[in-house]
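Visitor: I'd like to learn how to read a protein model piece by piece. Could we walk through one together?

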Amino acid sequence: MRKQEARQWAKMLSAPQPIADVVPDGWRTAKEIAAEIRRSQSYASKMLNRLVSEGKLQRRKFRILTGSKMYPVDHYKDV
């Protein structure tokens, strides 16, 4: 590999990583809600999905940093 190619690769690989979204107040994840109501995350997710389908909650994905990776995670808010 030539030096010029190596510099191009280094430049591409050092590009900034995606930035996490700023989650507005009032939006919470199923994990956070489950902890608050002292239920499993699975149970909370089922109930949240039901409430979303009934139109009682809003669901929106925000990109958040979990450990070393960025993931889109569902967040919920009262209507």
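Guide: Let's start with R38. This is a predicted model, and in it R38 has 77% relative accessibility, so R38 counts as exposed, the cut-off being over 50%.

Visitor: Where is the place of R38?

Guide: R38 sits in the loop between α2 and α3. Its phi is near 55 degrees, a positive value in a residue other than glycine.

Visitor: Okay, on to the helix before that loop. How do I read which way a helix faces?

Guide: Here's the general idea: an α-helix has 3.6 residues a turn, so residues three or four places apart point the same way. Now the case here: α2 covers residues 30-37, and A30, I33 and A34 are buried in it. Looking down the axis of α2, you find its buried residues within an arc of 100 degrees, so they line one face of the helix.

Visitor: Which exposed residues does the face turned away from the buried side of α2 carry?

Guide: That face has K31, A35 and E36.

Visitor: And what do the buried residues of α2 pack against?

Guide: Their partners are β1 (28-29), α3 (41-53) and β3 (69-78).

Visitor: Let's take α3, then. How do I describe two helices that pack?

Guide: In general, two packed helices are described by the angle between their axes and the distance between the axes. For α2 and α3, the angle is about 110 degrees and the axes are 8 Å apart. Angles of 65 to 115 degrees count as roughly perpendicular, so that is how α2 and α3 lie to each other.

Visitor: Which residues meet there, between α2 and α3?

Guide: From α2 come A30, K31, I33 and A34, and from α3 come Q41, A44, S45 and L48. Sorted by class, this contact has 5 nonpolar, 2 polar and 1 charged residues.

Visitor: What about β1? Is T29 in that strand buried or exposed?

Guide: T29 lies in strand β1. Its relative accessible area is 9%, and buried means under 20%, so T29 is buried. Leaving aside residues up to four places away in sequence, T29 touches V73, D74, H75 and Y76.

Visitor: Last one: how many bridges join β2 to β3?

Guide: There are 10 bridges between strand β2 (residues 57-66) and β3, and the two run antiparallel. To see the pairing up close, find R63, which stands opposite P72 in β3. β2 and β3 form a hairpin with 2 residues between them. In the turn, G67 has a positive phi of about 70 degrees.

Terms used:
Residues numbered from 1 in each chain as written. Predicted model: local features only at pLDDT ≥ 70, side-chain atom pairs only at ≥ 80, totals over all residues. Heavy atoms only, no water. Buried < 20%, exposed > 50% of the residue type's maximum accessible area, 1.4 Å probe, protein only. Helix = DSSP H or I, 4+ residues; strand = E, 2+ residues; numbered from the N terminus. Arc of directions from axis to C-beta. Contact = heavy atoms within 4.5 Å. Axes fitted to C-alpha atoms, helices over the stretch in contact; angles between N-to-C directions. Parallel < 35°, antiparallel > 145°, perpendicular 65-115°, else oblique. Nonpolar A, V, L, I, M, F, W, Y, C, P; charged D, E, K, R; others polar. Pairing = 2+ DSSP bridges.
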